[in-house]
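Please examine the sequence and the model shown below. The paragraphs that follow lead through its core, its strands, its rings and a few individual residues.

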Amino acid sequence: MQNESTPVTVTSFSQPHVLQTRMKEEKLSHGGTVKANLSPVRMDMTHGAAVLYFCPMQSIEVLEVLNEGDGNEIPAQVKVEGLSIPVDCQSGFYDLENVELSSNGTIQVRVTEKTTWKYHEKGFSSVNVFKSL
């Protein structure tokens, strides 16, 4: 396990509307919480910062429903909680696996004890796995 990691953030350019759209496709709604895989996301590692982008995301795989939603609209803003990536990782496309995804006021992407990053070296072929610290 890596000791040094970089916290992951989102910006106004992270395209949260893509995550919101994928959540709607999975019939998720406001107030709901699931454990899920997000595939793929883009990680940009520049100037000591790690920024998460949802623009390439093609799917959400729901692993477990923790709380059913109330049927209302999913919020438009997103924040990440507890996500980090080893400092020696590179920019590129990743599957973000085993995160907690909820929507109450904002969309929250939270780390779990099983969260991992799977790097796509060429296109979307998974090769390397990193545990979120």
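A residue is called buried if its relative accessible area is under 20%, exposed if over 50%, and partly exposed in between, as computed with a 1.4 Å probe on protein chains only. The model is predicted: local features need a pLDDT of at least 70, side-chain atom pairs count only at pLDDT 80 or more, and totals for chains, interfaces and linings use all residues. Residues are numbered from 1 along each chain as its sequence is written, and side-chain values use heavy atoms, with hydrogens and water left out.

Two cysteines illustrate these classes. Cys89 has a relative accessible area of 7% and is therefore buried, whereas Cys55, at 34%, is partly exposed. A disulfide is a pair of cysteine sulfur atoms within 2.5 Å, and by this rule the count is 0.

The next topic is the interior. A nonpolar core is a set of buried Ala, Val, Leu, Ile, Met, Phe, Trp, Tyr and Cys residues joined through side-chain atoms within 4.5 Å. The largest such core has 30 residues, and those with the most contacts inside it are Leu19, Leu38, Leu52, Phe54, Leu101, Val109 and Trp117. Helices (H or I, at least four residues) and strands (E, at least two) are DSSP runs, numbered from the N terminus. At least two residues of this core come from each of H1, E2, strand E3 (49-53), E5, E7, E8 and E9. Which element gives the most to this core? It is E2, with 6 residues.

Helix H1 can be considered in turn. Its buried residues are Pro16, Val18, Leu19, Gln20, Arg22 and Met23. An α-helix has 3.6 residues a turn, so residues three or four places apart point the same way. The cover over the buried residues of H1 includes E2, strand E4 (59-67), E5, E7 and E8. Here contact means heavy atoms within 4.5 Å. Not counting residues up to four places away in sequence, Val109 touches a list of residues that includes Leu19, Leu38, Phe54, Val78, Val80 and Leu101.

Strand E5 (residues 78-81) shows a regular pattern of side chains. In a regular strand the side chains alternate between the two faces of the sheet. In E5, Val78 and Val80 point to one face and are buried, while Lys79 and Glu81 point to the other and are not. Two strands pair if DSSP finds at least two bridges between them. E5 is joined by 4 bridges to strand E8 (residues 106-110), and the two run parallel. Glu81 has Arg110 of E8 as its bridge partner.

After E8, the loop between E8 and E9 holds Thr112. Is this residue buried or exposed? Thr112 is buried, with a relative accessible area of 12%. Not counting residues up to four places away in sequence, Thr112 touches Lys35, Asn98, Val99 and Glu100.

The aromatic rings come next. Rings of Phe, Tyr and Trp (its six-membered ring) pair if their centres lie within 6.5 Å; planes under 30 degrees apart count as stacked, over 60 as edge-to-face and the rest as tilted. The structure holds 2 aromatic pairs. Tyr94 and Trp117 form an edge-to-face pair, with 5.8 Å from centre to centre and 85° between the planes. Because Tyr94 lies in strand E7 (residues 92-104) and Trp117 in strand E9 (residues 116-122), this pair ties together parts that are 23 residues apart in sequence. Tyr94 is buried at a relative accessible area of 0%, and Trp117 also counts as buried at 0%. The rings of Tyr94 and Tyr119 have their centres 5.1 Å apart and their planes at 55°, so this pair is tilted. Tyr119 lies in strand E9 and Tyr94 in E7, so the parts tied together are 25 residues apart in sequence. Ring pairs thus link Tyr94, Trp117 and Tyr119 into a cluster.

Finally, two residues have a backbone angle that deserves attention. Most residues other than glycine have a negative phi. Lys27, although not a glycine, has a positive phi of about 65°. Lys27 is found in the loop between helix H1 (16-25) and strand E2 (33-46), and is exposed, with a relative accessible area of 71%. Asn98 is likewise not a glycine and has a positive phi of about 60°. Asn98 lies in strand E7 and is partly exposed, with a relative accessible area of 23%.
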